[in-house]
Amino acid sequence: MTGNEKGGTGKSTIAMHLIVGFLRKGHTVGSIDLDANQGTVTRYLLNRADFAKTRGLRLPMPEHHAIKLSTLGNLEDAQSDERNRLQETLEYLSARHDYVLMDSQGSDTYLSRLAHSHADTVITPLNDSFLDLDLLAEVRGEPPEVIGPSRYSEMVWAMKKIRAERDGGLIDWIVLRNRLTNLDARNKRAMADSLHQLAGRMGFRIVEGLGERVIYRELFLQGLTVLDLRDEGAKVPLRMSHLAARQEVRILIEAIEAGMKRDEPEEPEEREEAKEEEVGARLLAQEAGSERA
Ligand SMILES: Nc1ncnc2c1ncn2[C@@H]1O[C@H](COP(=O)(O)OP(=O)(O)O)[C@@H](O)[C@H]1O
Ligand SMILES: [Mg+2]
């Protein structure tokens, strides 16, 4: 899922690119819009379906759900309503798809916290300025010094704990800078240094970010992403900056996949078990085959 506590940092843009990225790798994908008020990802997918229809294209699509905030007046009722709907949707989609992607709103809500506590991977984009370091930690002074965690970091820690207690799962927290430019190289380096220092203290890892590129903005109305540009019928001439954008998105996807592989059976015993199961399954298949023959 994507998450932070600020609007306009690229959560929905990144969510859309991850949805299409995993689809284009041949996976099936479920998607959840937790920011149903803005509905960016929902509208984007509607645009995508329209565009495909009018152009006669076959664009890969996820199975999409939007989760609206509860309208119940009583706080407890509202929370249990949201909890039930999120859990049902997550169970439904994870049983059917290889990946489930959630796009969250940029504010601290019950629904967003809950979603974090179910995530395997949280992707936090931030704009490339010292102002946005605030999203991760309270930073003051010159040279900048970390005073303590931000509200959002504290929330992620709390959800990591809830997740671990619930099912022993780990949340892989990825931070990436968005809208990188070449301007003011010295400031950028200082920002990168501060971010690296924070990573260890706050428990996230840093993945190479996305550049500031018009193409990330241009494709919304067609419901396309930079990963769709090679499709015949998309009719957007592929430029150097588009190739660079595609590469940026691929690096992010590979980083997410690498994080998920770390959670796979590593223990020798588990590996043995996995092997035994595989051999067992093959024998069963052979038996079934000879019976049929
Ligand atoms: N790397 C980028 N380059 C150029 N524009 C971007 C980039 N990332 C996001 N944007 C634009 O910034 C705006 C906010 O992005 P959005 O993904 O909606 O943020 P959020 O979901 O965090 O509120 C959108 O208009 C989007 O097109
Ligand atoms: Mg958004």
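Student: Which element gives the largest share of the shell around ligand 1?
Tutor: This is a predicted model, so keep that in mind. Two elements give two or more residues to the shell, one of them being α8 (214-218). The largest share is three residues, and that comes from α1.

Student: Which residues come nearest to ligand 1?
Tutor: By class, the shell splits into two nonpolar, nine polar and five charged residues. Of these 16 residues around ligand 1, the ones that come nearest are G10, K11, S12, T13 and R217.

Student: Moving to the sheet, why is one side of β2 and of β3 left without a neighbour?
Tutor: The three strands form an open sheet in the order β2-β1-β3, paired in parallel. That puts β2 (63-66) and β3 (99-103) at the edges, so each has a single partner strand.

Student: What is the bridge partner of V29 in β3?
Tutor: Strand β1 covers residues 29-33 and runs parallel to β3, with five bridges joining them. In that pairing, V29 is matched in β3 with Y99.

Student: How far apart are the end C-alpha atoms of α6?
Tutor: Helix α6 (residues 151-167) has 17 residues. At 1.5 Å a residue it should span 24 Å, and the model agrees, because its end C-alpha atoms are 24 Å apart.

Student: Within what arc do the buried residues of α6 fall?
Tutor: The buried ones are Y152, S153, V156, M159 and K160. They line one face of the helix, while the face turned away carries the exposed R151, E154, K161 and E165. Seen down the axis of α6, the buried residues fall within an arc of 120 degrees.

Notes:
Residues numbered from 1 in each chain as written. Chains lettered and ligands numbered in written order. Predicted model: local features only at pLDDT ≥ 70, side-chain atom pairs only at ≥ 80, totals over all residues. Near = placed C-beta within 6 Å. Helix = DSSP H or I, 4+ residues; strand = E, 2+ residues; numbered from the N terminus. Nonpolar A, V, L, I, M, F, W, Y, C, P; charged D, E, K, R; others polar. Pairing = 2+ DSSP bridges. Expected span 1.5 Å × (residues − 1). Buried ≥ 20, exposed ≤ 12 C-beta atoms within 10 Å, placed from the backbone. Arc of directions from axis to C-beta.
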